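Visitor: Good morning. Could we go through this structure together, beginning with its surface?
Guide: Certainly; here it is.

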Amino acid sequence: MKKTILFCLMAAATVARGAVVYTENFENIISGANGWGNRAGGLMSVSGPSSLGSPASQALQGSFAASGSPLITDAFNISSGGNFVGDYTSLGVGGLTQFKFDLYAENAVPSDLFIYLVSGGVDYYSYQLNLSGMVVDSWRTFTVNLDGVGWSGPGDFSTALGSVSEVQSELTRNGTSAQAFYLDNSQTLDGPVSGSSAVPE
């Protein structure tokens with residue numbers, strides 16, 4: 001049974017007013033996953049579309065096989081096309097201001113969740129999301145501001161936005177059992193922002 005929960009990651013966060021520039025809902029995939037996959041060398045098998053969506057019928061599935069090591073990390077990854085890579089300052093109206101995506105945990109809540117932006121194929125910028133209150137068998141919607149607040153990286157974040165070459169939604173599985181996670185409605189937004197529902201750790 002599908003349950004959709006808008007995930008305001010528990011803080012007294014305000015709702016963002018950005019306008020959607022692009023949405024990848026994994027609904028119109030004939031072969032492949034529209035450029036999405038797992039990070040190079042990763043141990044999570046990514047496939048799509050799956051039959052579980054938020055709220056529509058399809059999503060991108062990431063699966064970890066059972067293993068003796070609990071701390072296995074991998075990421076849903078996009079490094080092609082013009083919707084999630086390129087010059088963020090020129091996309092949309094006045095540049096992109098937010099990411100938004102839905103995540104579903106089928107077997108266990110991940111140990112942690114990060115967003116990574118890779119700038120110029122070299123510099124990595126990370127943002128850690130707070131998973132407090134996330135539960136198994138529920139969709140949650142994460143919104144992350146692209147204003148540099150809460151992000152870690154090697155240089156000026158606003159400069160990095162001019163040459164984004166890769167976006168990663170990175171998670172670490174929880175325990176040693178086989179686990180599956182689903183990504184849906186990955187969006188970029190522009191326009192004014194009044195807050196973020198993705199509270200950093």
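Guide: Accessible areas come from the Shrake-Rupley method with a 1.4 Å probe, and for residues only the protein chains shown count as cover. The model is a predicted one, in which local features need pLDDT of at least 70 and side-chain atom pairs count only at pLDDT 80 or more, while totals for chains, interfaces and linings use all residues. Residues are numbered from 1 along each chain as its sequence is written, and side-chain values use heavy atoms, with hydrogens and water left out.

Visitor: How much area does the chain expose?
Guide: About 8600 Å², of which carbon and sulfur atoms supply 53%. Of the 201 residues, 46% count as buried, meaning under 20% relative accessible area; exposed is over 50%, and partly exposed is in between (1.4 Å probe, protein chains only).

Visitor: What is the secondary structure?
Guide: The chain has 1 helix and 12 strands. These are DSSP runs numbered from the N terminus: helices are H or I with at least four residues, strands E with at least two. The order from the N terminus is β-β-β-β-β-β-β-β-β-β-α-β-β.

Visitor: What is the average pLDDT?
Guide: The chain averages 84, and 83% of the residues score at least 70; pLDDT is the predictor's confidence in each residue, from 0 to 100. Over residues 1-16 pLDDT stays under 50.

Visitor: Now the interior. How many cavities of 30 Å³ or more are found?
Guide: The search of the whole structure finds 1. A cavity is a set of points, on a 1 Å grid over the protein atoms alone, where a 1.4 Å probe fits but cannot get out; lining residues have an atom within 4 Å of a point. The largest cavity holds about 60 Å³ of space, a volume being the space filled by probe spheres set on the points, which are joined across faces, edges and corners.

Visitor: Which element gives the most to its lining?
Guide: Strand β7 does, with 3 residues. Among the lining residues are Trp36, Phe84 and Val167.

Visitor: And Thr141, buried or exposed?
Guide: Thr141 counts as buried because its relative accessible area is 8%. Thr141 is in strand β10, residues 139-145.

Visitor: Which side chain does it make a polar contact with?
Guide: The side chain of Thr141 pairs with that of Asp102 at 2.7 Å. A polar contact is a pair of N or O atoms within 3.5 Å; within protein, one must be able to donate a hydrogen and the other to accept it, and residues adjacent in sequence count only if both atoms are side-chain atoms.

Technical notes: Contact means heavy atoms within 4.5 Å. On a 1 Å grid over the protein atoms alone, a cavity is a set of points where a 1.4 Å probe fits but cannot get out, and a pocket is an open set with protein on both sides within 12 Å along at least five of seven lines; lining residues have an atom within 4 Å of a point.
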